[in-house]
Amino acid sequence: MSYNFDAAVSPFIKALPPSGLAKFLDIMAANPNIVPLSVGEPDFDIPQAVKDAEINSICEGKSCYTPTLGLLELREAIADDIHKNYGVKYDPKTEIMVTVGVSEALYTTITTIMHPGDEIILPEPCYVANKVCVILAGGKPVSVETYQENGFVPTIEDLEKAVTPKTKAIMLGYPNNPTGAIMSKEQIKAIGDWAVKHDLIVISDELYAHLTYGGKTHTMFTSFPEFRDRTIIFNGFSKAYAMTGLRLGYIMAPAAIINAMNILHQYVVLCPNVTAQYGAIAALKYCRQDVDNMVAEYSRRRQIMIDGFHKMGLPLYEPEGAFYVFPCIKETGLSSMEFVEKLLEEQEVLVIPGNIFGAGGEGYIRCSYAYSEEILHKALERIALFVTKYRNLNKAK
């Protein structure tokens, strides 16, 4: 008799919906004719200095375990980079932990701080894993919708409605995936002051920090010293350095919480990939020009997307960070999922439905511009035909 593994599966796992992103990535892999605007992955090659550092580390036999927190040389390079770019100092020995991508940083952080029944406020739309990690840790995610008219940044009034005596933290992600929004210094200050008022932890995912446009720059949450001792920052190498598959991120936080998170970290992963760590050291020391070149190219592509959606008459928040646009498709009369499925079927263009990023994303689609200009133009031409068709059908109802 076979063992009944279905009965053995944790109820936490059974309660989780499949990743909306994974579903569409599988579709794309199965059909080479699809024109994709779906994946949040740079189409640039890894910088040469990163390749050289990784190859050299392997040739020199540097393949052993590293300290659980990560190579000290890498943590020192992270600390130097953060101080140079944002003026914020972190102790590389006690306040920085290298992780297996920001995904592990997210899981480790939430699992470490969560008590049963704790609530975490999640402004939405937000990254798809945020809510899931809270649920897996036995907590309750509390969604707060953000709106295009407010630049997809939560208002203090809406946050006040969501906070309860059980609220433990607020989790933010700016520059934002999927909207491309960033937060101004004034908005950061207001939300930070609100967190202090309610004695909350601030979790700030700043993975897209280097990717900003139109003269806008990223401000670290802990650029305000008064928020430093209650804030946990995520960042990594996937987006700015085109190192997605190398899976390397990091956490910056007060020493007490880093020490606690490291206990879980050492049991779950023991240490990050050593080869990737040597590549990351080179990225921070030698590859800023590579990053600037990528940002300049993304800026051109961003304008192509903005112009394309404006031309087809779809309302669009003009993104100031990351590499996504988030047009509103409500006037077609289709839901986000209907739009994506019909667009795929009729025009073989793949975008991501906004509602998988939270209820506030319904009526929107996410389009990545981490693709060549040729792909962007081809996709926009097909989307324009599709939008015209369904806009007219909707008007005729």
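How far is the sulfur of Cys133 from the closest cysteine sulfur, and which cysteine holds that one? The distance is 11 Å and the neighbour is Cys126, which is too far for a bond. Please keep in mind throughout that this is a predicted model. Here are my notes, point by point.

1. **Cysteines.** A disulfide is a covalent bond between the sulfur atoms of two cysteines. With a cut-off of 2.5 Å between the sulfur atoms, the count for this model comes to zero disulfides. Cys287 is likewise in no disulfide, and the nearest cysteine sulfur, in Cys59, lies 18 Å away. Both of these unpaired residues are covered by the protein: Cys133 is buried because its relative accessible area is 8%, and Cys287 is buried because its value is 1%.

2. **Around Val50.** Cys287 turns up again as a contact of Val50, together with Met243, Gly279, Ala282 and Ala283, once residues up to four places away in sequence are set aside. Val50 belongs to helix α4, which spans residues 48-59. Its relative accessibility is 0%, so Val50 counts as buried. If you would like a C-alpha pair to look at here, try Val50 and Tyr278: they are 228 residues apart along the chain, yet their C-alpha atoms are separated by 7.8 Å.

3. **Strand β3.** Is β3 buried or exposed? Six of the six residues of this strand (residues 119-124) are buried, so β3 is largely enclosed by the rest of the structure. In a regular strand the side chains alternate between the two faces of the sheet. In β3, Glu119, Ile121 and Pro123 point one way, while Ile120, Leu122 and Glu124 point the other way, and all are buried. The strand pairs in the parallel sense with β4 (residues 140-145) over six bridges. Within that pairing, Ile120 has Pro141 of β4 as its bridge partner.

4. **A three-stranded open sheet.** Elsewhere, three strands make an open sheet in the order β9-β12-β11, with antiparallel pairing. β9 (324-325) and β11 (352-353) stand at the edges with a single partner strand each, so one side of each has no neighbour in the sheet. Two bridges join β9 to β12 (residues 365-368), and these strands run antiparallel. Val325 has Cys367 in β12 as its bridge partner.

5. **Salt bridges at helix α8.** Side chains of opposite charge can pair when their charged atoms come close. The structure holds 19 salt bridges, and helix α8 is a good place to begin looking. Lys161 and Asp158 meet in one of these, at 3.8 Å from N to O. Because they are three residues apart in helix α8 (residues 156-162), the two are separated by about one helical turn. Lys161 counts as exposed because its relative accessibility is 69%. Glu160 reaches outside the helix, forming a salt bridge with Lys197 in which the closest N and O atoms are 3.0 Å apart. Glu160 lies in α8 and Lys197 in helix α9 (residues 185-197), so this pair ties together parts that are 37 residues apart in sequence. Glu160 is partly exposed at 28% relative accessible area, whereas Lys197 is exposed at 59%.

6. **More salt bridges.** Asp199 pairs with Arg230, with 3.3 Å between the closest N and O atoms. Asp199 sits in the loop between α9 and β6 (201-205), and Arg230 in the loop between β6 and β7 (231-236), so the salt bridge ties together parts that are 31 residues apart in sequence. Asp199 is exposed, with a relative accessible area of 58%. There is also a network of salt bridges to inspect, linking Asp43, Glu297, Arg300 and Arg301.

7. **A nonpolar patch.** Which residues form a nonpolar patch on the surface? They are Tyr107, Ile263, Tyr267 and Val268, which together have about 440 Å² of accessible area. Helix α10 (residues 255-268) gives the most to this patch, with three residues. Tyr267 is found in that helix, α10, and counts as exposed because its relative accessibility is 71%.

Terms used. Residues are numbered from 1 along each chain as its sequence is written. This is a predicted model: local features need pLDDT of at least 70, side-chain atom pairs count only at pLDDT 80 or more; totals for chains, interfaces and linings use all residues. Side-chain values use heavy atoms; hydrogens and water are left out. Patches are made of residues with over 30% relative accessible area and no salt bridge: like charges are joined within 9 Å, nonpolar side chains (Val, Leu, Ile, Met, Phe, Trp, Tyr) within 5 Å. Accessible areas come from the Shrake-Rupley method with a 1.4 Å probe; for residues, only the protein chains shown count as cover. A salt bridge is a side-chain nitrogen of Lys or Arg within 4 Å of a carboxyl oxygen of Asp or Glu. Helices (H or I, at least four residues) and strands (E, at least two) are DSSP runs, numbered from the N terminus. Buried means under 20% relative accessible area, exposed over 50%, partly exposed in between (1.4 Å probe, protein chains only). Contact means heavy atoms within 4.5 Å. Two strands pair if DSSP finds at least two bridges between them.
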